Amino acid sequence: MPLWFVRGLRRGIVTTHYPARPDPSAVDLPVPPAFRPGQLDRAVADRLCAACPSRALRREGDELVFDAGACTACGRCREAAPQAVTVCGEWELAATARSHLIKRIPLAAETSS
Ligand code: SF4
């Protein structure tokens with residue numbers, strides 16, 4: 001757990017400044033998924049959407065739409081299709097507009113598997 005967070009709780013501080021430098025404990029935080037477009041077809045995308053409890057994933061035609069603002073980094077999509085999903089390694093997701101958190105991933109052509 002980040003020290004600045006614990007320090008804030010102990011002092012009764014509700015809000016804190018953004019950390020001046022990267023916190024080493026950030027490597028332990030859950031991070032959103034990253035998708036391998038070459039491994040994503042419609043069937044895999046539908047399986048990912050069904051596995052997502054927060055509705056951060058939806059398929060629109062030949063695209064997988066990922067809403068990083070709704071993702072809780074639970075990892076269920078990675079469990080459902082480990083060949084198509086990895087971790088992004090990025091935990092700083094601040095954006096100036098809500099729409100910047102929505103990613104559109106093109107699907108590959110159908111595979112026979
Ligand atoms: S990590 Fe969880 S919440 Fe995020 S897209 Fe995958 S299944 Fe959905």
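This is a short talk on one chain, its ligand and one of its residues.

A word of caution to start: this is a predicted model.

Let's take the overall fold. The chain has three helices and five strands. Along the sequence, they come in the order α-β-α-β-β-α-β-β. The radius of gyration is 17 Å, whereas the globule rule gives 13 Å for 113 residues, so the chain is more spread out than a compact globule. Now the dimensions. The C-alpha trace spans about 60 × 25 × 25 Å along its principal axes. How much of the chain is buried? Buried residues are 15% of the 113. Next, contacts. Take those with a separation of 6 or more: 71% of them join residues 24 or more positions apart.

On to the ligand. There are 14 residues around it. Which come nearest? Cys52, Cys71, Cys74, Arg76 and Cys77 do. What classes make up the shell? Ten of its residues are nonpolar, three are polar and one is charged.

Last stop, Arg59. Arg59 sits in strand β2, which covers residues 57-60. Is Arg59 buried or exposed? The answer lies in between. Arg59 has 17 other C-beta atoms within 10 Å, and a buried residue needs 20 or more, so Arg59 counts as partly exposed. What does Arg59 touch, leaving aside neighbours within four places in sequence? Its contacts are Arg42, Ala45, Asp46, Cys49 and Leu64. One distance to finish. His100 is 41 residues from Arg59 along the chain, and their C-alpha atoms are 18 Å apart.

Definitions and conventions. Residues are numbered from 1 along each chain as its sequence is written. This is a predicted model: local features need pLDDT of at least 70, side-chain atom pairs count only at pLDDT 80 or more; totals for chains, interfaces and linings use all residues. A residue is near a molecule or strand if its C-beta atom, placed from the backbone, lies within 6 Å of it. Ala, Val, Leu, Ile, Met, Phe, Trp, Tyr, Cys and Pro count as nonpolar, Asp, Glu, Lys and Arg as charged, and the others, Gly among them, as polar. Helices (H or I, at least four residues) and strands (E, at least two) are DSSP runs, numbered from the N terminus. A residue is buried if 20 or more other C-beta atoms lie within 10 Å of its own, exposed if 12 or fewer, and partly exposed in between; C-beta atoms are placed from the backbone. Two residues are in contact if their C-beta atoms, placed from the backbone, lie within 7 Å. The radius of gyration is taken over C-alpha atoms; the globule rule is 2.2 Å times the number of residues to the power 0.38.
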